[in-house]
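The following report describes the nonpolar cores, the strand pairing and the aromatic contacts of a predicted model. The sequence and the structure come before the description.

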Amino acid sequence: MMKVLAPVSTNTRTAGRHLVTALALLVASTPSLAGAAPPPPPAAITYANIATGDGAGITYRRAPSTTNAAFDAIKLLPFYARPEIVATPFKARGAPGVAMFDYDRDGDLDLYVTNGPGRPNSLYQNRLKQGGGTTFVDVGASAGVSASGQDSTGTCYGDIDNDGDLDLMVLGRMEPSRLFRNNGNGAFTEISSSAGIGGGAHA
């Protein structure tokens, strides 16, 4: 029995022509489909050390830690001279902490570093928005976060009171940790005791 195929309507033929035209335009506008060479890969990302020779206003000289130096000396004793112990990094200058955050909310990242026992910590204000280019100014003392008298190690930040300003936490090597609330005017207030976090120490 012979089947009779239904005739193709004019609308169907028109839709088919439109589809072919659209595909041709897609191929023509897409280099990889049209046979053109793919675009070159992006240039490699490189970095330049702008702090070399105390450049950019950043002077970092972490003070030696007598506590950590003693631990390093103990690791060299025959009793402890096992490969897994000797292979661990020596930390005669302690464990420095670094935080990059926009403490003054001017749109650029500032730098906080812990400088070790007997040496005030530094809060380097980024002067980019003030027209200073890639330069920094240490405002740790005037901002109230130098944490003098503490062998500071790690540090972190966050908005603990949901006021839009980033606050600062500084850990102590053998001393209590310290919490600084951002006042929103370029300065901080220490609230360790009232916040109930000043009793611990980071070993």
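The largest nonpolar core of this predicted model comprises 13 residues, and those with the most contacts inside it are F101, Y112, L123, V145, L168, F180 and F188. At least two residues of this core come from strand 1, and at least two come from strand 6 (167-172). Another core, of six residues, lies apart from it, and L111, V113, Y124 and F136 are among its members.

V145 illustrates how the residues of the largest core meet: once its neighbours within four places in sequence are left aside, V145 is in contact with Y112, N121, L123, G140, L168, F180 and F188.

The sheet is open and consists of four strands in the order 1-2-3-4, with antiparallel pairing. Its edges are formed by strand 1 and strand 4, each of which pairs on one side only. On average, and with direction ignored, neighbouring strands of this sheet are turned by 20 degrees against each other. Strand 1 and strand 2 pair in the antiparallel sense over four bridges, and within this arrangement A99 stands opposite Y112 of strand 2.

The residue ranges given for three of the strands are as follows.

| Strand | Residues |
|---|---|
| Strand 1 | 98-101 |
| Strand 2 | 110-113 |
| Strand 4 | 136-138 |

As for aromatic contacts, a search of the whole structure finds three aromatic pairs, and ring pairs link F101, Y103, Y157 and F188 into a cluster. F101 and F188 of this cluster are also among the residues with the most contacts inside the largest nonpolar core.

Methods: Residues numbered from 1 in each chain as written. Predicted model: local features only at pLDDT ≥ 70, side-chain atom pairs only at ≥ 80, totals over all residues. Heavy atoms only, no water. Pairing = 2+ DSSP bridges. Axes fitted to C-alpha atoms, helices over the stretch in contact; angles between N-to-C directions. Phe/Tyr/Trp six-rings, centres within 6.5 Å; stacked < 30°, edge-to-face > 60°. Core = buried A, V, L, I, M, F, W, Y, C linked by side-chain atoms within 4.5 Å. Buried < 20%, exposed > 50% of the residue type's maximum accessible area, 1.4 Å probe, protein only. Contact = heavy atoms within 4.5 Å.
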